[in-house]
Amino acid sequence: MEDQGLSANAFARKSGVNRQVIANVLNGTVWADTLTVIDLEGALGVMLWPEHVRWHIPAPEEAPLGYIDESEAAADHGASERTE
């Protein structure tokens, strides 16, 4: 905001985010939710949350990376013991 000479009111108009929300985020009294961060980034043209564009977002049916379903793992383990 400062680099672009935007007041909280001007930034609120440009981003569509309520001015009080912007003030609260700047004061550190609240954390911005994901959609607010997206709106603020779009208005400023800069990333506010580093590297989030590289995150892997799973499809609705896809498990997050690193997730292991313990019931499936147990079933797979039991099947491998029977085949040995």
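Good morning. I begin with Trp 49, whose place is in the loop between helix α3 and helix α4, the latter covering residues 70-83. Please keep in mind that this is a predicted model.

Is Trp 49 buried, partly exposed or exposed? At 40% relative accessibility, Trp 49 counts as partly exposed, because that class covers values between 20% and 50%. Trp 49 also belongs to a nonpolar patch on the surface, together with Trp 31, Trp 55 and Ile 57. The area of this patch is about 620 Å².

Let me now turn to the chain as a whole. How many helices and how many strands does the chain have? It contains four helices and zero strands, and read from the N terminus the order is therefore simply α-α-α-α. The chain has 84 residues, of which 18% are buried. Its exposed area is about 6800 Å², and 55% of that area comes from carbon and sulfur atoms. Among the contacts with a separation of 6 or more, 27% join residues that are 24 or more positions apart.

Next, I should like to follow the chain along helix α2 and beyond. At the start of α2, Asn 18 places a side-chain oxygen within 2.7 Å of the backbone nitrogen of Gln 20. Just after α2 comes Gly 28, which has a positive phi of about 80°.

Further along we meet Ala 32, in the loop that links α2, residues 19-27, with α3, residues 34-44. Why does Ala 32 count as partly exposed? The reason is its relative accessibility of 27%, since a residue must be under 20% to be called buried. Which residues does Ala 32 touch, if we leave aside those up to four places away in sequence? They are Val 25 and Val 37. As for Ile 22, it stands ten residues from Ala 32 in sequence, and the two C-alpha atoms are 8.5 Å apart in space.

My last residue is Thr 36, which lies in helix α3. Is Thr 36 buried or exposed? Its relative accessibility is 13%, and therefore Thr 36 counts as buried. Leaving out residues up to four places away in sequence, Thr 36 touches Val 17 and Val 21.

To review the residues discussed: Trp 49 is partly exposed at 40%, Ala 32 is partly exposed at 27%, and Thr 36 is buried at 13%. Thank you for your attention.

Terms used: Residues numbered from 1 in each chain as written. Predicted model: local features only at pLDDT ≥ 70, side-chain atom pairs only at ≥ 80, totals over all residues. Heavy atoms only, no water. Helix = DSSP H or I, 4+ residues; strand = E, 2+ residues; numbered from the N terminus. Buried < 20%, exposed > 50% of the residue type's maximum accessible area, 1.4 Å probe, protein only. Contact = heavy atoms within 4.5 Å. Polar contact = N/O pair within 3.5 Å; in protein donor to acceptor, adjacent residues only side chain to side chain. Patch = residues over 30% accessible without salt bridge, like charges linked within 9 Å, V, L, I, M, F, W, Y side chains within 5 Å. Areas by Shrake-Rupley, 256 points an atom, 1.4 Å probe, with all protein chains shown as cover. Salt bridge = Lys/Arg side-chain N within 4 Å of Asp/Glu carboxyl O.
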